[in-house]
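Here is a friendly briefing to read with the model open in your viewer. Have the sequence to hand as well, and pick out the residues as they come up.

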Amino acid sequence: QVQLQESGPGLVKPSQTLSLTCTVSGGSITTKPYYWSWVRQAPGKVVEWIGYITYSGSTYYSSAFNSRTSISRDESKNQFTLQLNSVTPEDTAKYYCARREATADKYDYWGQGTQVTVSS
């Protein structure tokens, strides 16, 4: 059974960098053919896809976040990390990490999510 767990600060100040880590257990982040994603959902809004890192370490980002987003991984810890720069209160949301197969259109495993509030 694959499990994903998000961790990171619950409160970030405007203009700072948000950094969240997803720790994966029950499966390796280097195993084909899986993609490891970050998504978020703000209150009253639809789920937004932020980006993903593939089993080989390639990264892809939503155009809405591309200029200020970075996803990296630590294979030794079986973790992948989201960095979102220059945050504003509009980045307040619940952030989730999730897994899907390369050719699938749905995620098969999700973390429980972590609430991030951007406020001074």
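The notes below go through the sheet, the core, the disulfide and the salt bridges in turn.

Please keep in mind that this is a predicted model. Four topics are worth a look: an open sheet of 4 strands, a largest nonpolar core of 25 residues, 1 disulfide and a set of 5 salt bridges.

**The open sheet**

- Reading across the open sheet, the 4 strands come in the order β1-β3-β8-β7, and their pairing is antiparallel.
- At the edges sit β1 (3-7) and β7 (69-74), each of which pairs on one side only.
- On average, and with direction ignored, neighbouring strands of this sheet are turned by 20 degrees against each other.
- As general background, side chains in a regular strand alternate between the two faces of the sheet.
- Strand β3 (residues 18-25) and strand β8 (residues 79-84) run antiparallel and are joined by 6 bridges.
- If you want one pair to display here, take Cys22, whose bridge partner in β8 is Phe80.
- Between β7 and β8 there are 6 bridges, again in the antiparallel sense.
- On this side of β8, Gln79 stands opposite Asp74.
- β7 and β8 also make a hairpin, with 4 residues between the two strands.
- For anyone checking backbone torsions, Asn78 in that turn has a positive phi of about 55 degrees.

**The nonpolar core**

- Which residues touch the most other members of the largest nonpolar core? They are Leu4, Leu18, Val24, Trp36, Trp38, Phe80 and Tyr95, out of 25 residues in that core.
- At least two core residues come from each of β3, β4 (34-41), β5 (48-54), β8, β9 (93-101) and β11 (114-118).
- Strand β3 gives the most, with 4 residues.
- Leu4 is a handy place to start exploring: beyond its neighbours within four places in sequence, its contacts include Cys22, Val24, Trp36 and Phe80.
- Leu4 is also in contact with a run of residues later in the chain, among them Cys97, Ala98, Arg99, Tyr109 and Trp110.

**The disulfide**

- The model has 1 disulfide, formed by Cys22 and Cys97 with their sulfur atoms 2.1 Å apart.
- The pair ties together parts that are 75 residues apart in sequence, because Cys22 lies in strand β3 and Cys97 in strand β9.
- Is this disulfide right-handed or left-handed? The torsion about the S-S bond of Cys22 and Cys97 is about 70 degrees, so the disulfide is right-handed.
- Cys22 counts as buried, because its relative accessibility is 0%.
- Cys97 also has a relative accessibility of 0% and so counts as buried.
- Both cysteines appear among the contacts of Leu4.

**Thr114 in strand β11**

- Thr114 is part of strand β11.
- With a relative accessible area of 14%, Thr114 is buried, because buried means under 20%.
- Leaving aside neighbours within four places in sequence, Thr114 is in contact with Glu6, Leu20, Ala93, Lys94 and Tyr95.
- Tyr95 in that list is also one of the core residues that touch the most other members.

**The salt-bridge network**

- Of the 5 salt bridges in the structure, some link Arg40, Glu48, Arg68 and Asp91 in a network.
- Glu48 pairs with Arg40, the closest N and O atoms being 2.8 Å apart.
- Is Arg40 buried or exposed? Arg40 counts as buried, at 6% relative accessibility.
- Its partner Glu48 counts as partly exposed, because its relative accessibility is 28%.
- Arg40 also meets the side chain of Asp91 in a salt bridge, at 2.7 Å from N to O.
- Asp91 lies in the loop between β8 and β9 and Arg40 in strand β4, so this pair ties together parts 51 residues apart in sequence.
- Asp91 and Arg40 are both buried.
- Asp91 forms a salt bridge with Arg68 too, with the closest N and O atoms 2.7 Å apart.
- Because Arg68 lies in the loop between β6 (59-61) and β7, and Asp91 in the loop between β8 and β9, the pair ties together parts that are 23 residues apart in sequence.
- Arg68, like Asp91, is buried.

Methods: Residues numbered from 1 in each chain as written. Predicted model: local features only at pLDDT ≥ 70, side-chain atom pairs only at ≥ 80, totals over all residues. Heavy atoms only, no water. Pairing = 2+ DSSP bridges. Axes fitted to C-alpha atoms, helices over the stretch in contact; angles between N-to-C directions. Core = buried A, V, L, I, M, F, W, Y, C linked by side-chain atoms within 4.5 Å. Buried < 20%, exposed > 50% of the residue type's maximum accessible area, 1.4 Å probe, protein only. Contact = heavy atoms within 4.5 Å. Disulfide = S-S within 2.5 Å. Salt bridge = Lys/Arg side-chain N within 4 Å of Asp/Glu carboxyl O.
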